[in-house]
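Work through the exercises below with the sequence and the structure open. Try each task before reading its solution.

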Amino acid sequence: MRSSVASRCFRHPAAARPLLGTIAAAGALVAFLAGSARADDWRYCLAPLRADHKVYMSAAFPTVKSMERLQDEFGNALARAGLRHGAVQCPRGDEQSIQIMRMQATRFNRESGNTVVEFDRWNP
């Protein structure tokens, strides 16, 4: 005779209630955390070309993709456009912090003598 947690709990309805409550609470917590991670996960990508004093930069966007995947996709989009570039970076934050970081990166690069090129031929 097979005995599992579910069969032991569901033989006695009173014993099943705490387990079902725990499962429901855990499911609600997972849904809440997943929802808030998506809402707060904003990025923009940039890739310098130091030899030409250029920095390619994307717009800010919400995403659930991994940093590695975004870096690969942005780098591939630049390459398909025939643009040489250095290492791709895709900083992460909430919407407001990403907008601020992007503005600071733009200002810093311009003050450093780099041309900031808005790269909008990429759909993250």
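Two strands count as paired if DSSP finds at least two bridges between them. Keep in mind throughout that this is a predicted model.

**Exercise 1. Work out the order of the strands in the sheet that contains S3, and state which strands stand at its edges.**

Step 1. Take strand S3, residues 54–57, and look for its partners. With S6 it pairs in the parallel sense, over 4 bridges. One position to check is Met-57, whose bridge partner in S6 is Glu-118.

Step 2. Now compare S3 with S2. These two strands pair in the antiparallel sense, again over 4 bridges. Here Met-57 of S3 stands opposite Leu-46.

Step 3. Put the pairs together. The order is S2-S3-S6, in an open sheet of 3 strands with mixed pairing. The edges are strand S2 (46–49) and strand S6 (115–118); each has a single partner strand, so one side of each is left without a neighbour in the sheet. On average, neighbouring strands of this sheet are turned by 20° against each other, direction ignored.

**Exercise 2. Sort the residues of S2 by the way they point, and decide whether they are buried or exposed.**

Step 1. Recall the general pattern: side chains in a regular strand alternate between the two faces of the sheet.

Step 2. Apply the pattern to S2. Leu-46 and Pro-48 point one way, while Ala-47 and Leu-49 point the other way.

Step 3. Check the accessible area, where buried means under 20%. By this test, all four of these S2 residues are buried.

**Exercise 3. Find the residue with a positive phi in the turn between S2 and S3.**

Step 1. Locate the turn. S2 and S3 form a hairpin, and 4 residues lie between them.

Step 2. Look at the phi angles with the general rule in mind: most residues other than glycine have a negative phi. His-53 has a positive phi, near 55°, although it is a residue other than glycine.

Step 3. Describe the surroundings. His-53 lies in the loop between S2 and S3 and is partly exposed, with a relative accessible area of 45%.

**Exercise 4. Determine which parts of the chain the disulfide ties together.**

Step 1. Search the whole structure; the result is 1 disulfide. Its members are Cys-45 and Cys-90, with an S to S distance of 2.1 Å.

Step 2. Place the two cysteines. Cys-45 is in the loop between S1 and S2, and Cys-90 is in the loop between helix H3 (67–80) and S5, so the pair ties together parts that are 45 residues apart in sequence.

Step 3. Add the geometry and the accessibility. The angle about the S-S bond is 110°, and the link is right-handed. Cys-45 and Cys-90 are both buried.

**Exercise 5. Give the strand order of the sheet that contains S1, and name its edge strands.**

Step 1. Start with strand S1, residues 42–43, which pairs with S5 in the antiparallel sense over 2 bridges. In this pair Arg-43 stands opposite Arg-92 of S5.

Step 2. Write the order: S4-S1-S5, an open sheet of 3 strands with antiparallel pairing.

Step 3. Name the edges. They are strand S4 (61–62) and strand S5 (92–93), each with a single partner strand, so one side of each is left without a neighbour in the sheet.

How values were computed
Residues numbered from 1 in each chain as written. Predicted model: local features only at pLDDT ≥ 70, side-chain atom pairs only at ≥ 80, totals over all residues. Heavy atoms only, no water. Axes fitted to C-alpha atoms, helices over the stretch in contact; angles between N-to-C directions. Buried < 20%, exposed > 50% of the residue type's maximum accessible area, 1.4 Å probe, protein only. Disulfide = S-S within 2.5 Å.
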